[in-house]
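This report is meant for a reader who is meeting the structure for the first time. Please look over the sequence and the structure before reading on.

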Amino acid sequence: MGPPGAGKGTQAVLLGKSLGIPHLSAGDMLREHVKRNTPLGQKASSLMARGELVPDDLVSEMVAGRLAEAECAGGFLLDGYPRNLHQAVTLENLLAERQSRLDRALALQVDPEELIRRLTGRRVCPQCGAGYHVVSRPPKSEGRCDVCGSGLAQRPDDREDVVRERLRVYTEQTRPLLGHYRDRGLLTEVDGTGTPESVARRLVGAVEEVAR
């Protein structure tokens, strides 16, 4: 868990590999639906471009289908879901049906101005999907993908006005989840600043502490 730009996606990939379980990104699932122009993608695209959240029932239906796949039988790592208390309750019900439960909620903590710097500087190759950052991970040739040479673009939801709206929505709708999981004894808050490697070590340490 954590606000937009906290590094959830990057860290979830690293942690999933470390634990040997699949990384389930709600954002990636949605973007794939948008790219394929599915009915769900059509409904979601305009909302995502404005920094708004996709309706709970659509996201939960998508996540439920993914959790039912055989790959998730031995465990999974959720990234970007749940985003509000309604989704959290839906997830708990889904897991109860599977006779399963959450082991831990990991929350990355990052200063809001650092989040804005991170998000507005992101660039992506629309052809091959390679990602860059104008400050921390620039391409070799300005504005051009190192992999395929295509022009880089800024995702609509990474514009500063949209980023600030995304952070407002997070504070209003998602941040209350920290209290929800804290009350259940499931929450571990982790400093999300520093290199990806240093943050990854903190997260692995948090998981190992729970396992003990």
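What follows describes the nonpolar cores and one pocket of a predicted model.

**Nonpolar cores**

The largest nonpolar core holds 29 residues, and those with the most contacts inside it are Leu30, Met62, Leu91 and Tyr181. Two or more residues of this core come from each of the elements α2 (26-36), α3 (39-49), α4 (56-67), α5 (85-97), β3 (105-109) and α8 (176-183), and the largest share, five residues, is given by α4. For Leu91, if its neighbours within four places in sequence are left aside, the residues in contact are Leu67, Leu78, Tyr81, Pro82, Leu102 and Tyr181. Apart from the largest core lies another core, this one of 17 residues, which include Leu77, Leu108, Leu119 and Leu203.

**The second largest pocket**

The second largest pocket has a volume of about 810 Å³. It is lined by 37 residues, of which Phe76, Leu77, Leu78, Arg104 and Leu106 are the closest to its centre. The elements that each give two or more residues to this lining are α1 (8-19), β2 (77-79), β3, α7 (160-174) and α9 (196-211), and α1 gives the most, with five residues. The table shows how the lining of the second largest pocket divides by residue class.

| Class in the lining | Number of residues |
|---|---|
| Nonpolar | 23 residues |
| Polar | seven residues |
| Charged | seven residues |

Some names appear in both parts of this report: Leu77 is among the residues of the 17-residue core and is also one of those closest to the centre of the second largest pocket, while Leu78, likewise one of those closest to that centre, is in contact with Leu91.

Key
Residues numbered from 1 in each chain as written. Predicted model: local features only at pLDDT ≥ 70, side-chain atom pairs only at ≥ 80, totals over all residues. Heavy atoms only, no water. Core = buried A, V, L, I, M, F, W, Y, C linked by side-chain atoms within 4.5 Å. Buried < 20%, exposed > 50% of the residue type's maximum accessible area, 1.4 Å probe, protein only. Helix = DSSP H or I, 4+ residues; strand = E, 2+ residues; numbered from the N terminus. Contact = heavy atoms within 4.5 Å. 1 Å grid on protein atoms, 1.4 Å probe; cavity = no way out; pocket = protein on both sides within 12 Å on 5 of 7 lines; lining within 4 Å. Points joined across faces, edges and corners; volume = space filled by probe spheres on them. Nonpolar A, V, L, I, M, F, W, Y, C, P; charged D, E, K, R; others polar.
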